[in-house]
Amino acid sequence: MKKEFAVIGLGRFGGSICRELSREGMEVLALDLDEDKVNEYRDIASHAVIADSTDENALKELGFRNIDHVIVAIGDNIQASMLTTLILKEMGIKMITVKAQNDYHEKILNKIGADQVVHPERDMGKRIAHNIISNNILDYIELSDDHSVVEVKAGSKMSGRTLVDLDIRAEYGCNVVAIKREKDVIVSPMATEEIRESDVLIVIGADKDISRFEKNLV
Ligand code: ATP
Ligand code: ATP
Ligand code: CA
């Protein structure tokens with residue numbers, strides 16, 4: 001059976017999720033309090049409805065119980081976001097993803113039982129900051145509070161040298177898990193692999209170690 005999704009809150013973030021899921025051919029119920037927002041998604045989502053997600057009966061009547069994954073993308077109204085999450089949880093929704101506005105909101109959502117809490121502004125801010133530090137840092141993904149994966153262009157500092165020459169693990173405590181070279185991906189590269197200037201390295205490690213690696217080699 002095809003998975004059914006619902007997106008609550010059709011602001012920029014929720015709207016973008018709704019568009020992308022629909023574009024991928026998914027069944028999506030789009031919901032917002034605001035009539036104009038809902039009208040905007042009538043031709044995009046499978047269903048688009050005007051409703052208040054803090055109204056438990058409204059969600060029940062809309063058949064939310066049968067939805068597999070609900071995305072709560074209510075922006076500034078933190079109270080509505082928390083209450084909606086709580087109601088969905090109590091209804092037994094198997095997968096609830098919620099957009100958090102701040103760390104405090106995130107903490108409460110985790111306590112309420114949100115299955116996934118996302119923080120797009122904060123995370124995108126971090127990724128862009130690393131890219132601003134160096135144009136060679138292409139991407140930055142947080143694994144936990146203190147571990148990350150970075151994608152870096154090798155550039156001139158690493159070009160022509162091997163992982164042993166650079167002694168990356170011993171010196172920086174980071175591991176190069178893969179090297180992207182044109183269309184190829186060299187997974188678990190040998191210590192003797194010679195790095196080329198246009199290579200892209202996927203590096204994993206503790207934030208403090210990655211930070212030293214970025215400062216010295218990127
Ligand atoms: P974003 O921050 O994701 O770019 P935004 O800043 O436009 O979007 P908001 O306008 O704060 O986000 O909220 C997102 C949407 O959530 C709005 O369209 C709003 O009408 C809707 N919304 C707020 N409360 C409720 C609710 N109780 N039930 C349904 N929709 C709601
Ligand atoms: P280690 O004691 O660090 O596990 P090793 O004795 O297994 O290293 P090699 O695998 O030959 O020796 O690697 C020598 C050095 O080259 C390592 O200490 C490390 O600094 C660096 N190195 C090798 N492979 C990688 C990698 N994938 N990522 C980061 N550094 C590497
Ligand atoms: Ca916003």
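**View 1. Pairing of strands β9 and β11 in the predicted model.** Strand β9 (residues 175-181) and strand β11 (residues 200-206) run antiparallel and are joined by 5 bridges. The model shown here, as in every view below, is predicted. One residue pair can be followed across these strands: N175 has I204 in β11 as its bridge partner.

**View 2. The hairpin of β9 and β10.** Strand β9 also pairs with strand β10 (residues 184-187), to which 4 bridges join it in an antiparallel arrangement. Across this pairing, A178 stands opposite V187 of β10. The hairpin has 2 residues between the strands, and E182 takes a positive phi near 45 degrees there.

**View 3. The shell around ligand 2.** The residues surrounding ligand 2 are L163, V164, D167, I168, R169, A170, N175, V176, P189 and A191. N175, whose bridge partner in β11 is I204, is thus seen again in this view, as one of the residues around ligand 2. At least two residues of the shell are supplied by each of α8 (163-166), α9 (168-172) and β9. Helix α9 gives the largest share, with 3 residues. Sorted by class, the shell holds 7 nonpolar residues, 1 polar residue and 2 charged residues.

**View 4. The open sheet of 6 strands.** The strands of this sheet follow the order β3-β2-β1-β4-β5-β6, and their pairing is parallel. Strands β3 (47-50) and β6 (116-118) form the edges, each pairing on one side only. With direction ignored, neighbouring strands of the sheet are turned against each other by 15 degrees on average.

**View 5. Register of β1 and β2.** Within the sheet order, β2 and β1 stand next to each other. Strand β1 (residues 4-8) runs parallel to strand β2 (residues 27-32), and 5 bridges join the two. The register can be read from V7, whose bridge partner in β2 is A30.

**View 6. Surroundings of E56 in helix α3.** E56 belongs to helix α3, which spans residues 56-61. This residue counts as partly exposed because 17 C-beta neighbours lie inside 10 Å, whereas a buried residue would need 20 or more and an exposed one would have 12 or fewer. E56 and M91 are separated by 35 residues in sequence, and their C-alpha atoms are 8.9 Å apart in space.

Terms used:
Residues are numbered from 1 along each chain as its sequence is written. Chains are lettered from A and ligands numbered from 1 in the order in which they are written. This is a predicted model: local features need pLDDT of at least 70, side-chain atom pairs count only at pLDDT 80 or more; totals for chains, interfaces and linings use all residues. Two strands pair if DSSP finds at least two bridges between them. A residue is near a molecule or strand if its C-beta atom, placed from the backbone, lies within 6 Å of it. Ala, Val, Leu, Ile, Met, Phe, Trp, Tyr, Cys and Pro count as nonpolar, Asp, Glu, Lys and Arg as charged, and the others, Gly among them, as polar. Axes are lines fitted to C-alpha atoms, for helices over the stretch in contact, and angles run from 0 to 180 degrees between N-to-C directions.
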